[in-house]
Amino acid sequence: MPAVPQNIIHDVTELILDHIRQTSQELQVAPDLDKRQQAISLVCSSWRTLVEDSPRFWSIIEVPFPLEAISHLLEKSQSTGLEIKSLEYNEYERAPIKFSDQWKFFILIAPYADRIRSLTLSLRSPDGLGMFFEKPAPMLEELKLDSRLDYDVQGLDPFCGQASRLKDVALEKIAVQWDSDVLAGLRSLSIVENSNYLPTEGQVRRLLEANPGLEKLEIWGLTNTYTGHFGNAAVQSTSKGKPSRVVMSKMQQLRLLNLPFKLAQAGLDNVEIPSISHLELSCRFQGLPASRLLGPSIQHLVPPLLRLSKRTQQAELTFGESSVGLAIYTPHYKRPTIRIEFMETAPTNGFDWLAENFFHTEGLPSVCATDVFRVSLKFGGRFDMRGGTFIPILDRLNAVKVKGLTIESWCQHGEELIKYLGDVKGDSQWPLPYLMSMKIGGPAELADHLSIALQRRMEYTPAGEMSAALRPVMLDVLDIGDLRWIDKNVENALAKCVASSGTFIPGSEQMEHDIFGDIDSDSQDI
């Protein structure tokens, strides 16, 4: 048989392994070493000899292989770079190593740390990692570890800080030192639910300085990260004098989610990101004013975000009892490309910063925009409308094309907002004049107030209104499916407030069933 080029052997090997891996994923069973050998022998004896003598074929180790099989693979792979990975059941779940085998597994592969090229594992706990991390990993390019449990331990320094080829790191419930030399020169970094390790402000700064080429950074769920000691430690910078911002010119995706504001502040104060294309930011403020504390730290992100938003078609503002969020959507994406949320703070305070930076003539395409663009306004999460707390919000949005309004069932005193919509403002304009869609939940009496407000908006054109043709007189969509036991006459009156080509979703008469989700509200095309 003539010699087969190595690239052909490599491709055949990958196809065999992909087929076996796909079968294991579909059946959610452990990969089988025997199936590898059987798949080769089905071709011919020459192919079996050829591929069995190829170290690459044995260098991919899938957990949960039995320990005996892993030992066999390590021996047969010779000096080839190793790829060790947990079997993926789906996009979000991998097969974990058995708890009883975890220590034995790390003892087995630790002598081969200098050959590991990629390590992707799902663990029951961090047990055994410290021992495994004691040796350098000069060939390692990818490190992805997640644990079902996290322990109150000091951060580990993986591979003695020696993994110079490492480019992609993802750690979930694995505590490592943020200023470790391993976390340097990276392309992507994800640290998730690392709740027991306490980085200092200096370590945050050091992490950013060491990774100016990051394209993707994700940190979220660090619930217990900061104590009174945070911020007292000196900012240890590699530069002399006052630290300058780290310019991260390759950064495309930044996700800082469910973080204490001090952590987000420490990170954002130290970076410049000129070409960001995806931002998700949510911070907890413990009752402190969001605009004053975090606003200056993220001000530098506003210009690139506004450039990005020029392609948007939809934005959504959401208010809760102690939160406010802005989500901006671009075409062809179901998830927002920009999401900013301030939590545990006065909603109107956080909204001030959002309005000043995004909702103005040069901001989002919401003033004098085409009909394609729409802004949705949602009040939920027990937002209390008593005393007109919503008025400062609506007043700042009247020039914005807010086309959708949602009042969720858990809002308090929603009737005050509905009444406000039915009264002409002091400047002889209707509140939210571009409103086209409404979804209302809450007590049945809201329907009476809603009927009065919508009929007034239909029948009365204020003297100060520039052109009634610019304002939708009737709604395109009215959803009152979350209102219970509405009077039929009121419901019929509300249906008449919807355009002939629009959609009306009536209230529910099946309260008990709806609570448990057994019956869906029926929509009616008008």
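Which are the buried residues of H11? I shall begin with that helix and then turn to the cavities. Please bear in mind that the model before you is predicted.

The buried residues of helix H11 are Val-302, Pro-304, Leu-305, Leu-306, Leu-308 and Ser-309. The helix spans residues 302-309, and with six of its eight residues buried, H11 is mostly covered. What do these residues pack against? Their partners include two helices, H10 (290-298) and H12 (347-358). The others are strands: S11 (278-284), S13 (323-329) and S14 (338-343).

Let me place this helix in the context of the chain. The chain holds 17 helices and 20 strands. It has 526 residues, of which 50% count as buried. If we take contacts between residues at least 6 apart in sequence, 69% of them join residues at least 24 apart. The accessible surface of the chain comes to about 24,600 Å², and carbon and sulfur atoms account for 51% of that area.

I now turn to the interior. How many cavities of 30 Å³ or more does the structure hold? There are three. The largest cavity has a volume of about 140 Å³. It is lined by 17 residues, and those closest to its centre are Leu-208, Leu-217, Ile-219, Leu-256 and Gly-267. Four elements each supply at least two residues of this lining: helix H8 (201-209), strand S7 (216-220), strand S9 (253-260) and helix H9 (261-268). Of the elements concerned, H9 gives the most, with four residues. As to chemical character, the lining of the largest cavity divides into 16 nonpolar residues, one polar residue and no charged residue.

The second largest cavity has a volume of about 80 Å³. Ten residues line this second cavity, and Leu-454, Arg-457, Pro-472, Val-473 and Leu-475 are the closest to its centre. Which helix gives the most to this lining? That is helix H15, residues 446-459, which contributes three residues. The lining of the second largest cavity comprises eight nonpolar residues, no polar ones and two charged ones.

To set the two linings side by side: that of the largest cavity has no charged residue, whereas that of the second largest cavity has two. Conversely, the largest cavity has one polar residue in its lining, and the second largest has none.

To close, I return to the opening subject: H11 is mostly covered, and its buried residues pack against both helices and strands.

Definitions and conventions:
Residues numbered from 1 in each chain as written. Predicted model: local features only at pLDDT ≥ 70, side-chain atom pairs only at ≥ 80, totals over all residues. Heavy atoms only, no water. Buried < 20%, exposed > 50% of the residue type's maximum accessible area, 1.4 Å probe, protein only. Contact = heavy atoms within 4.5 Å. 1 Å grid on protein atoms, 1.4 Å probe; cavity = no way out; pocket = protein on both sides within 12 Å on 5 of 7 lines; lining within 4 Å. Points joined across faces, edges and corners; volume = space filled by probe spheres on them. Nonpolar A, V, L, I, M, F, W, Y, C, P; charged D, E, K, R; others polar. Areas by Shrake-Rupley, 256 points an atom, 1.4 Å probe, with all protein chains shown as cover.
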